[in-house]
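Here's a quick walk through one protein model, written for someone who likes to check numbers against coordinates. Have the viewer open while you read.

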Amino acid sequence: PREALERSIEIMITQLKAILDFKFDVEIPATEKESAEEVSGAETKEESTDAMKTRLDTLNISTRTLNALTGAGIRTVGGIARKKKEDLLEIDGMGEKGIQEIKRVLGEFGLNLK
């Protein structure tokens, strides 16, 4: 139960960072961090790989953002996660609203832009 709560808090912080370019670090004491890593280590890697393969057209993003990304040949969450904000802004049809939308979606997977 405690490990699950700590993991939930970590996920929420990651999502906030992705959405708001939030600069905030919470340090979990080493003993608690180690036990949380032991519990979630294998799951996290597998979940991360699955998340990277998720197709953008299955997510809750605007048509404009989806069309801009698809036009640039980006079709998966992993394709976005490998990009920098500056790279995405160079895509036709992509602006700050689209970037915020992308950060929100990546945050839901516990990911950030490169």
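Is Leu56 buried or exposed? With a relative accessibility of 1%, Leu56 counts as buried, since the cut-off for that label is under 20%. Keep in mind that this is a predicted model, so everything below is computed from predicted coordinates.

**Around Leu56**

Leu56 isn't part of a helix: look for it in the loop between α2 (30-52) and α3. Leaving aside residues up to four places away in sequence, Leu56 touches Ile61, Leu66, Leu69, Ile74, Arg75, Thr76, Val77 and Ile80. One of those partners, Val77, sits 21 residues from Leu56 in sequence, yet the C-alpha to C-alpha distance is 6.3 Å. Two other partners, Leu66 and Leu69, turn up again among the buried residues of helix α3.

**The overall picture**

Zooming out, the protein chain has 6 helices and 0 strands, so there's little to puzzle over in the order of elements: α-α-α-α-α-α. The chain has 114 residues, and 30% of them count as buried. Its accessible surface comes to about 7600 Å², with 53% of that belonging to carbon and sulfur atoms. As for contacts with a separation of 6 or more, 57% of them join residues 24 or more positions apart.

**Helix α3 and its two sides**

Helix α3 covers residues 63-71, and its buried residues are Thr65, Leu66, Ala68 and Leu69. Looking down the axis of α3, those residues fall within an arc of 165°, so they line one face of the helix. Thr63, Arg64 and Gly71, on the other side of α3, are exposed.

What do the buried residues of α3 pack against? They pack against α4 (77-81), α5 (85-89) and α6 (96-108). After α3 comes Gly73, with a positive phi near 85°.

**Helix α6**

Next up is one of those packing partners. Helix α6 has 13 residues and reaches 19 Å from its first C-alpha to its last, close to the 18 Å expected at 1.5 Å a residue. Its buried residues are Gly98, Ile99, Glu101, Ile102, Lys103, Val105, Leu106 and Gly107. Note that the list includes Glu101 and Lys103 alongside residues such as Ile99 and Leu106. Just after α6, Gly110 takes a positive phi of about 75°.

**Salt bridges**

How many salt bridges are there? The count comes to 3, and here they are with their N to O distances.

| Pair | N to O distance |
|---|---|
| Arg55 and Asp57 | 3.4 Å |
| Lys85 and Glu96 | 3.5 Å |
| Arg104 and Glu108 | 3.1 Å |

Start with the pair of Lys85 and Glu96, whose closest N and O atoms are 3.5 Å apart. This pair links distant parts of the chain, with Lys85 in helix α5 and Glu96 in helix α6, 11 residues apart. Lys85 counts as partly exposed because its relative accessibility is 25%; Glu96, with 41%, is also partly exposed.

The bridge between Arg104 and Glu108 belongs to helix α6, where the two are 4 residues apart and therefore separated by about one helical turn. Arg104 has a relative accessibility of 25% and so counts as partly exposed, while Glu108 is partly exposed at 46%.

That leaves Arg55 and Asp57, whose side chains meet in a salt bridge. Arg55 counts as partly exposed at 43% relative accessibility, and Asp57 is partly exposed too, with a relative accessible area of 46%. In sequence, this pair brackets Leu56, which counts as buried at 1% relative accessibility.

**A nonpolar patch on the surface**

One last stop is at the other end of the accessibility scale. Which residues form a nonpolar patch on the surface? Leu5, Ile9 and Met12 do, with about 290 Å² of accessible area together. Leu5 is found in helix α1, which spans residues 2-20. Its relative accessibility is 53%, so Leu5 counts as exposed. Set that beside the other leucine discussed above: Leu56, in its loop between α2 and α3, counts as buried at 1%.

Terms used
Residues are numbered from 1 along each chain as its sequence is written. This is a predicted model: local features need pLDDT of at least 70, side-chain atom pairs count only at pLDDT 80 or more; totals for chains, interfaces and linings use all residues. Side-chain values use heavy atoms; hydrogens and water are left out. Patches are made of residues with over 30% relative accessible area and no salt bridge: like charges are joined within 9 Å, nonpolar side chains (Val, Leu, Ile, Met, Phe, Trp, Tyr) within 5 Å. Accessible areas come from the Shrake-Rupley method with a 1.4 Å probe; for residues, only the protein chains shown count as cover. A salt bridge is a side-chain nitrogen of Lys or Arg within 4 Å of a carboxyl oxygen of Asp or Glu. Buried means under 20% relative accessible area, exposed over 50%, partly exposed in between (1.4 Å probe, protein chains only). The arc is that of the directions from the helix axis to the C-beta atoms. Contact means heavy atoms within 4.5 Å. The expected span of a helix is 1.5 Å times one less than its number of residues.
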